[in-house]
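Welcome! Open your viewer, load the model and follow along one selection at a time.

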Amino acid sequence: MLISHAAEQLWTAQRDRLSIPPLTATYPGLGIAAAYEIQQVNLRRRLAAGAALVGHKIGLTSEPMQALLGVHEPDFGFILDDMVIGADSVAVDRFCAPRVEPEIAFLLRSPLRGPHVSVKEVRAATEAVAVALEIVDSRIADWQLTLVDTVADNASSGAVVLGDWIPYGHALDLPRSVATLELNGERIDTGTGAAVMGDPAVAVAWLANALAEYGTELEPGQFVMSGSFTSAAFVGRGDIAGATITGLGAVTVAFE
């Protein structure tokens with residue numbers, strides 16, 4: 001009953017754009033395994049409503065964020081087709097408390113199934129990569145969350161904006177690529193791909209191996225958001241956010 005009740009609270013919070021107190025405060029003792037069960041309940045609910053699974057996201061890939069939540073590995077969530085922004089603008093009231101982060105998305109041409117996926121296999125399975133702007137969002141009030149809270153809340157997923165797909169090859173040195181996050185024409189932060197577990201491809205391998213525990217694989221045609229190069233910036237109505245990654249290009253989105 002706890003799983004279904006918690007999932008219902010998050011479902012309602014997302015539907016009504018009204019944040020809720022941390023689940024860990026409402027349900028003391030809630031653990032990480034239960035949090036992933038809650039996430040899956042709402043995934044099944046959205047799939048049953050007609051959405052399609054198109055990708056996955058990895059969160060908490062940087063050491064500072066892991067230290068903040070007292071964890072030693074990332075977390076993950078799902079991306080549905082209705083979470084991909086295919087326009088130059090998006091309504092800000094679609095979200096509760098949106099923030100933006102620059103990332104690399106990996107488009108797969110062949111499956112990746114753990115538990116022993118290597119970085120070499122990730123590179124072989126990747127058809128293309130793209131600069132991406134992830135719009136993270138939390139249904140937990142004021143972002144006052146623990147690892148358990150964010151996992152249950154689909155790893156604080158909101159939406160994604162994808163740039164052009166660039167064929168993946170040895171010429172792309174992703175650990176040394178540099179991302180710039182801009183807000184209204186001003187540089188907010190910069191970071192390199194090495195901030196993402198040393199190499200964004202390492203994060204994708206980690207996800208493939210983590211999903212194996214749930215009997216799930218990364219499928220051809222899906223994409224993986226590999227984790228942020230920088231800190232995240234809050235956005236509001238009227239803001240224009242942009243991400244640029246060397247070798248991959250740039251992407252922007254306006255919040256209306």
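The tour goes from the whole chain to one group of rings.

Before you start, note that this is a predicted model, in which local features need pLDDT of at least 70, side-chain atom pairs count only at pLDDT 80 or more, and totals for chains, interfaces and linings use all residues. Residues are numbered from 1 along each chain as its sequence is written, and side-chain values use heavy atoms, leaving out hydrogens and water.

**Stop 1: the whole chain.** Select the protein chain and show it as a cartoon: there are seven helices and 13 strands (DSSP runs, H or I of at least four residues for helices and E of at least two for strands, numbered from the N terminus). The C-alpha trace spans about 50 × 45 × 35 Å along its principal axes.

**Stop 2: inside and outside.** Now switch to a surface view. Of the 256 residues, 52% count as buried, meaning under 20% relative accessible area with a 1.4 Å probe, protein chains only.

**Stop 3: a pair of rings.** Next, select Tyr-36 and Phe-76. Where do Tyr-36 and Phe-76 sit in the chain? Tyr-36 belongs to helix H3 (residues 32-48) and Phe-76 to strand S2 (residues 75-80), 40 residues apart. Their rings form a stacked aromatic pair, 4.4 Å centre to centre with 20 degrees between the planes. Rings of Phe, Tyr and Trp (its six-membered ring) pair if their centres lie within 6.5 Å; planes under 30 degrees apart count as stacked, over 60 as edge-to-face and the rest as tilted. Both Tyr-36 and Phe-76 are buried.

**Stop 4: the cluster.** Finally, add Trp-206 and Tyr-214 to your selection: with Tyr-36 and Phe-76 they form one aromatic cluster.

Notes. Buried means under 20% relative accessible area, exposed over 50%, partly exposed in between (1.4 Å probe, protein chains only).
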